[in-house]
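The following paragraphs lead through a protein model by way of its charged pairs, a helix packing and some backbone features. Please keep the sequence and the structure in view while reading.

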Amino acid sequence: MKNLLITVFFLSLTLQLSAETGGSNAVIVEKTTASPAEKTPVYWQKMADGMSQALIKHFWGANFKGYENRFYFNYGSDLSNMTTNHYWPQAHAMDVMVDAYMRTGSKQYLNIYPLWWEGAPKFNFAGREEDPWWNVFVDDMEWIALAQIRMFESTKNTKYLKKARQTYDDWVWSTWGPEDEAPWFGGITWKTDVAKSKNACSNGPAALIAARLYNFYDAMGKKAGKPKQAYLNEAIKIYTWEKNNLFDRQTGAVYDSMNGEGKITKWVFSYNSGTFLGAAHELYKITGDKQYLADAVKAANFVIDHLSTNEGVLSDAEGGDGGLFHGIFFRYFVKLINDPALDSANYNKFRDYITHCATVMAEQGVNQKTMLYSGRWRKAPADDESVGLTSHLTGCMLMEAMCVLKHR
């Protein structure tokens, strides 16, 4: 993904200070959260339906006259931003389509799968002749692969899974290490033309892909190449590298990156916490090792206690790369909440937190006429206001998370 806006940089300084002080900016969530019983499942279904429909209506390129063959999610609502210089949001838009299809069974969402399959590589700004899905940003390819795995999960069509596997084998795992090269001693590279920048945004998703390829290995049928166990071994290697280098075991912060000199950039962003805890949770489910679960819980608590300083919710995030960060966190966070192995105290805290966030967004941040969300928790976009794809996707992901949230 592209470099973050200057405003996000200054935000990161605040988050870095919070991480290093280990709690001076902590939020007492219990005083700001709403009761989980305030909204019914029907309410969250309605919100998710409305926002998924708005995603198609306002962002799906082929929905607009004169662009009938634009099988691509536009970067701005209602043709306000037509740039194709942002690849990774395509993955998250398809993730929302998968969410909606799995929740409703509606063919409206399923019908977008083959169209997006054609359009995403076509409009990829950095595709190669030998592989139009390739991109200079390793993490962008990872997000795409994760979406493809979920497309397989929802359809059992192995072409999606096989493509994700090929992308991981050829373009992601190939950037690992070298393990004997200082100062990195491993790690997945963030960007192919930035030598040895090892980032949380490339390692967390890589660990998730490897773990899921392990889980679905048998579904691929006749297989060549690496054996099944290799994917689990690689998932553990990647996760362990990120934990050892970018995870603060005392506070639960997940730092942004290690540069070519071995220096850790201590920015803390919600999406990195989301993929770290997501990978930890995935490995816990595979191995039964409770240390992975403990890591996931610690990372989640950091986000709640130290990043949610906006009256109990995360920061506003209007457009740009940062618009997607919170949605990615919620996607993996809700899976952790739903795990029956999560202790009661953390379950109650986590459930109340995500419910509070969703309630604030639904009641104050979503335009109830257009069903668009612009990234401002407490100020809905005007009826005629252009909205960024990334922010609206975060809204969609949070509403979908509420639809699958389990209550004890």
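A salt bridge is taken here as a side-chain nitrogen of Lys or Arg within 4 Å of a carboxyl oxygen of Asp or Glu. By this rule the structure has 22 salt bridges. The model is a predicted one, in which local features need pLDDT of at least 70 and side-chain atom pairs count only at pLDDT 80 or more, while totals for chains, interfaces and linings use all residues. Residues are numbered from 1 along each chain as its sequence is written, and side-chain values use heavy atoms, with hydrogens and water left out.

Side chains of opposite charge can pair when their charged atoms come close. One such pair is K39 with E363, whose closest N and O atoms are 2.7 Å apart. Helices (H or I, at least four residues) and strands (E, at least two) are DSSP runs, numbered from the N terminus. In these terms, K39 belongs to the loop between helix 1 (6–21) and helix 2 (41–59), and E363 to helix 13 (residues 344–365). The salt bridge thereby links distant parts of the chain, 324 residues apart. For accessibility, buried means under 20% relative accessible area, exposed over 50%, and partly exposed in between, with a 1.4 Å probe and protein chains only. E363 counts as partly exposed because its relative accessibility is 47%.

A second salt bridge joins K237 and E179, with 2.6 Å from N to O. K237 lies in helix 9 (residues 228–246) and E179 in the loop between helix 7 and strand 1 (198–199), so the pair ties together parts that are 58 residues apart in sequence. K237 is partly exposed, at 39% relative accessibility, and E179 is partly exposed, at 39% as well.

How many residues apart are R165 and D169 in helix 7? They are 4 residues apart, about one turn of the helix, and both lie in helix 7 (residues 158–172). Their side chains meet in a salt bridge of 3.7 Å, N to O. R165 counts as buried because its relative accessibility is 9%, whereas D169 is partly exposed with a relative accessible area of 23%. Elsewhere, salt bridges link D95, D99, R150 and R331 in a network.

The account now turns to helix packing. Two packed helices are described by the angle between their axes and the distance between the axes. Here, axes are lines fitted to C-alpha atoms, for helices over the stretch in contact, and angles run from 0 to 180 degrees between N-to-C directions. Helix 5 (residues 112–123) and helix 6 (residues 138–155) pack at about 155 degrees, and their axes are 12 Å apart. Angles under 35 degrees count as roughly parallel, over 145 as roughly antiparallel, 65 to 115 as roughly perpendicular and the rest as oblique. Helix 5 and helix 6 are therefore roughly antiparallel to each other.

The residues in contact (heavy atoms within 4.5 Å) are Y113, W116 and W117 of helix 5 and I144, Q148, M151, S154 and T155 of helix 6. By class, this contact of helix 5 with helix 6 has 5 nonpolar, 3 polar and no charged residues. In this scheme Ala, Val, Leu, Ile, Met, Phe, Trp, Tyr, Cys and Pro count as nonpolar, Asp, Glu, Lys and Arg as charged, and the others, Gly among them, as polar.

Helix 9 also holds N245, which is partly exposed with a relative accessible area of 24%. Leaving aside residues up to four places away in sequence, N245 touches M258 and I264.

Backbone features complete the account. Most residues other than glycine have a negative phi, and most peptide bonds are trans. A cis peptide bond joins G177 and P178, with omega about 5 degrees. The bond from A182 to P183 is also cis, with omega near 0 degrees. P178 lies in the loop between helix 7 and strand 1, and P183 is placed in the loop between helix 7 and strand 1 too.

Positive phi values occur at E311, near 55 degrees, and at M371, about 60 degrees; M371 is not a glycine. E311 is found in the loop between helix 11 (290–307) and helix 12 (325–337), and M371 in the loop between helix 13 and helix 14 (389–404). At 57% relative accessibility E311 counts as exposed, whereas M371 is buried, with a relative accessible area of 12%.
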